[in-house]
Each structure stands twice: as C-alpha cells, then as structure tokens.
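Trainee: Could you take a close look at the eight-stranded part of this model with me, and then lead me outward from there to its neighbours? I would like one connected account that I can follow on screen.

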Amino acid sequence: MTSTVIHSARLVTAGVETADAWVRFEGAQVAAIGTGDGWEPADRVVDATDAAGPGAVLTPGFLDLHGHGGAGHAYDDGPDDVRAARALHRAHGTTRAVVSLVTAPPPLLARRAAMVAELTRTDADILGSHLEGPFLAPARRGAHEAALLTPPTAHLLDAFLAAGDDTIVQVTLAPELPGGLDAVRRLVSAGVAVAVGHTEAGWDEASAAFDAGASLVTHAFNAMPGLGHRAPGPLGAALARDGVTIEAIADGVHVHPALIRVLMDAAPRRVALITDAMAAAGSGGGRYLLGALDVDVTDGVARLAGDGTIAGSTLTQDAALRTAVAAGVSLPVAVEALTGAPARAIARDDLGALAPGRLADAVLLDARLTVRGVWTAGANLDLTA
C-alpha cells in the first residue's frame with residue numbers, strides 16, 4: 001500500500017481553512033491530517049509550497065453533479081467519449097462526476113444509462129448517471145429537443161431504472177407534468193435524487209415536489225420561473241427548505257456572479273457549483289452537437305444554433321471556484337460548494353472532505369486557484385502528460 005504526505009498547505013475542507021497543514025494518504029483513503037511538521041515519512045512526500053508556490057491550497061476533490069462533456073467529447077456518445085471528457089475535467093480538479101445525459105428517444109436514453117452503469121464498474125471516478133430529461137416542461141426545455149419531451153409514466157420510469165441498474169443518481173423533472181409527483185415518489189423510493197428543473201412550476205407545485213421527496217434544483221435561475229417577491233417560484237420554494245441542494249453555474253453567463261454570492265448566503269452549505277459543461281469545454285469555439293441539436297460556441301458561450309438559447313457551458317470547476325471567490329464568496333464556502341455540498345446531495349459520505357476514512361481525493365491549487373496537483377483515491381494525476 002502506497003503512502004503519500006502532502007504538507008505545508010492551506011487546507012480548506014468542510015468549510016474551514018487551516019494553515020500549515022498536512023494530509024496523509026494510505027492507499028485509497030485519508031489516514032490522518034495535522035499541522036506543522038508532525039507528519040511521519042511516507043513513500044511519496046509533496047511539499048505544497050514547492051509544488052504550487054506560497055499560499056498553496058489543498059482541498060478535497062471536486063464533485064460535479066451535472067455535466068455533459070468536454071475536450072470535444074459528449075458523454076452521450078459512448079465510453080471512450082466519457083473517458084476523454086472526464087480526463088479534461090479531472091485535470092481541472094473534478095475527481096468524481098455524475099454523467100448527465102440529455103433528452104433522447106427512450107430506447108436510446110435507456111441504452112446510454114446502461115452504458116454509464118457499465119462504466120461505474122470499471123471507472124471509479126464515474127458516480128452514475130443523471131437523466132436531464134425527457135420529463136421536462138416544453139416551454140422551459142432549453143437545449144432539449146421539444147418533440148422528445150414527455151410526461152413521466154410508470155413504464156418509462158421502470159425502463160430507465162432497469163437500464164441504469166441502480167446507478168441512476170439523479171433525474172431532473174418538471175413536477176407539474178401529469179404524473180410528476182408520482183414520478184418523484186417512485187424515483188425517490190428507488191434511491192434516486194430528484195431535481196426540480198426545466199419547469200413551469202410555481203411555489204405550490206415545487207413545494208409539493210419537495211414534500212414528495214425531491215431534494216435538488218437543477219441550475220438555479222435557469223429554465224424556470226424567476227424568483228419574485230410575490231411569486232417565489234421553484235427557487236424560492238427550495239430556499240425555504242433546509243434539505244434541498246441548489247445547483248448553480250458560476251460561469252458569469254448563466255448567473256451574475258453577485259447572485260452566486262447572494263445564493264450562497266441565502267442557502268449556507270446547500271449550493272452545489274456544477275459545470276453543466278458540454279463538449280466544447282476545453283476545446284474552443286465552433287459548432288458542436290448537444291444531443292441532436294447544433295450548438296455554436298463563441299467567446300466561451302454555448303448557444304443553440306438559430307435561436308440563441310444558452311446550451312450548457314464551457315465551464316470547468318476550478319474556473320467556477322475562481323468566479324465565486326472573485327464575487328466575494330469566502331474560499332472555504334466556495335470550496336464546500338464544489339465538494340461537501342454535492343457529496344451530501346447524493347449521499348456520498350465517503351467523498352467531499354479530507355478527513356480520516358474518506359477517499360483520498362484532493363486538489364492542490366496555487367494562490368491564484370489554478371490547479372497544480374490532483375489525486376483520486378490516492379493516485380496522483382500527471383498534469384504534465
């Protein structure tokens with residue numbers, strides 16, 4: 001079993017920053033943490049200051065609940081594409097991710113869920129799938145093909161759950177659709193986290209969904225009614241519920257950075273910073289496919305060809321961290337939104353913090369919050385490769 005010590009870092013985990021800290025990995029797990037020079041020799045010793053400069057920051061590995069691809073590859077397209085996109089995001093600190101699948105014909109979507117299920121058995125960084133559709137409100141479909149949207153039925157739910165073989169982690173749905181609340185209850189009973197999103201729901205309908213067991217909101221402010229002082233909408237209903245995690249895309253396009261800070265102040269430890277990244281993340285401008293739809297990427301912004309609807313993002317989670325901190329969010333709070341909050345949202349108590357017994361997923365950043373080192377289950381990623 002290989003041991004690793006990373007020392008002389010600002011350790012930021014579980015909402016707390018500790019100066020001159022060290023962390024010890026034994027194999028795939030965190031064995032101990034401490035401060036100063038109290039660490040014992042290890043097979044591999046990393047001086048964080050030497051590796052990342054003065055002010056080096058060590059955090060848990062980032063966890064992305066919602067992303068569609070990167071490095072020119074879409075998660076929908078197959079195992080090799082998933083792995084290639086994950087390699088891009090892993091280099092930016094995302095040590096584990098839920099693979100989001102866009103709306104597709106039900107038999108095809110079921111096959112894609114089965115594909116992700118197979119990957120979870122061979123690729124430990126893949127936590128399962130997220131079905132973002134087809135149970136979405138047509139008026140709030142965003143970059144999902146309108147003709148493929150449908151209300152949830154017991155038959156479809158059972159088909160997807162069977163194909164996913166207990167690896168569907170999250171389903172986004174509009175609870176106001178016929179059968180919506182029954183679908184929430186059915187999915188929650190199967191161990192799936194249900195997210196209210198791509199929805200026309202108001203306060204009452206969203207509240208009913210949370211009463212039925214929904215526990216997430218898909219990309220806050222986007223593809224839903226706004227937060228009004230007389231009509232709080234689904235986001236208002238989520239803010240009023242302590243157990244609901246709120247996804248947010250901190251790319252400066254989907255949500256103004258100032259509102260990211262407001263959201264985190266309003267829902268402490270309940271905001272999960274996601275990428276919603278599509279294939280163009282890390283790949284530059286041009287035309288891409290998102291599902292069956294053409295997407296044009298200009299100046300880092302992805303929009304549907306023809307109508308200009310925002311179509312995912314080109315974000316990585318380290319960039320989201322920098323955006324949040326630049327907006328005035330404290331570093332410990334911003335890191336928690338990339339680590340502890342998403343881990344809690346999907347009940348992964350082995351992830352999300354650097355603490356004894358947790359998986360040894362970590363990110364080393366310099367003082368400018370640029371990634372300088374990544375460990376997944378104690379294994380170091382070579383960022384120079």
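Mentor: Happy to; what follows starts at the parallel sheet and then moves to the cavities, the pocket and the other elements.

Please keep in mind that this is a predicted model. Begin with the open sheet of eight strands, whose order is β6-β9-β10-β11-β12-β13-β14-β15 and whose pairing is parallel. Its edge strands are β6 and β15 (271-274), each of which pairs on one side only. At the β15 end, four bridges link β14 (residues 245-249) with β15 in the parallel sense. If you want one pair to click on, isoleucine 246 has valine 271 in β15 as its bridge partner. A helix also packs on this sheet: α5 (residues 180-189) touches β11 (168-173) and β12 (193-196). The direction of α5 makes about 170° with that of β11. While you look along the strands, recall that side chains in a regular strand alternate between the two faces of the sheet.

Now go to the other edge, where the sheet takes part in a cavity lining. The model has three cavities of 30 Å³ or more, and the largest cavity has a volume of about 50 Å³. Both β6 (62-67) and β9 (94-102) supply at least two residues each to the lining of that largest cavity. Going through the lining by number, you meet Pro60, Gly61, Phe62 and Leu63, then Thr95 and Arg96, and finally Leu351, Gly352, Ala353, Leu359 and Asp361. By class, the lining of the largest cavity has six nonpolar, three polar and two charged residues.

Pro60 in that lining leads us to another strand, since β5 covers residues 57-60. Strand β5 runs parallel to β1 (residues 3-13), and two bridges join them. Here arginine 10 stands opposite valine 57 of β5. Strand β5 is also joined by four bridges to β19 (residues 362-365), this time antiparallel. In that pairing, leucine 58 stands opposite leucine 364 of β19.

Next, the open space of the model. The largest pocket has a volume of about 360 Å³. It is lined by 25 residues, and those closest to its centre are Gly142, Ala143, His198, Thr309 and Ile310. The pocket lining divides into 11 nonpolar, nine polar and five charged residues.

There is a second open sheet to compare by eye, built of three strands in the order β16-β17-β18 with antiparallel pairing. Its edges are β16 (286-290) and β18 (301-304), each pairing on one side only. On average, neighbouring strands of this sheet are turned by 35° against each other, direction ignored. Between β17 (residues 293-298) and β18 there are four bridges, and the two strands run antiparallel. One of the pairs to look for is threonine 298 with its bridge partner valine 301 in β18.

Further along the chain, two helices pack together: α9 (residues 317-326) and α10 (residues 331-338) meet at an angle of about 150°, with their axes 9 Å apart. Their crossing is right-handed. From α9 the contact uses Gln317, Leu321, Ala324 and Val325, and from α10 it uses Leu331, Ala334, Val335 and Leu338. Those contact residues count as seven nonpolar, one polar and no charged.

Finally, two backbone details for your notes. Most residues other than glycine have a negative phi, and most peptide bonds are trans. Against that background, the peptide bond from glycine 133 to proline 134 is cis, with omega near 15°. Proline 134 sits in the loop between β10 (126-132) and α4 (154-164), and β10 brings you back to the eight-stranded sheet where we began. The other detail is aspartate 20, which is not a glycine yet has a positive phi of about 45°. You will find aspartate 20 in strand β2 (residues 16-26).

Technical notes:
Residues numbered from 1 in each chain as written. Predicted model: local features only at pLDDT ≥ 70, side-chain atom pairs only at ≥ 80, totals over all residues. Heavy atoms only, no water. 1 Å grid on protein atoms, 1.4 Å probe; cavity = no way out; pocket = protein on both sides within 12 Å on 5 of 7 lines; lining within 4 Å. Points joined across faces, edges and corners; volume = space filled by probe spheres on them. Nonpolar A, V, L, I, M, F, W, Y, C, P; charged D, E, K, R; others polar. Pairing = 2+ DSSP bridges. Axes fitted to C-alpha atoms, helices over the stretch in contact; angles between N-to-C directions. Contact = heavy atoms within 4.5 Å. Left-handed = near helix turned anticlockwise from the far one by under 90°.
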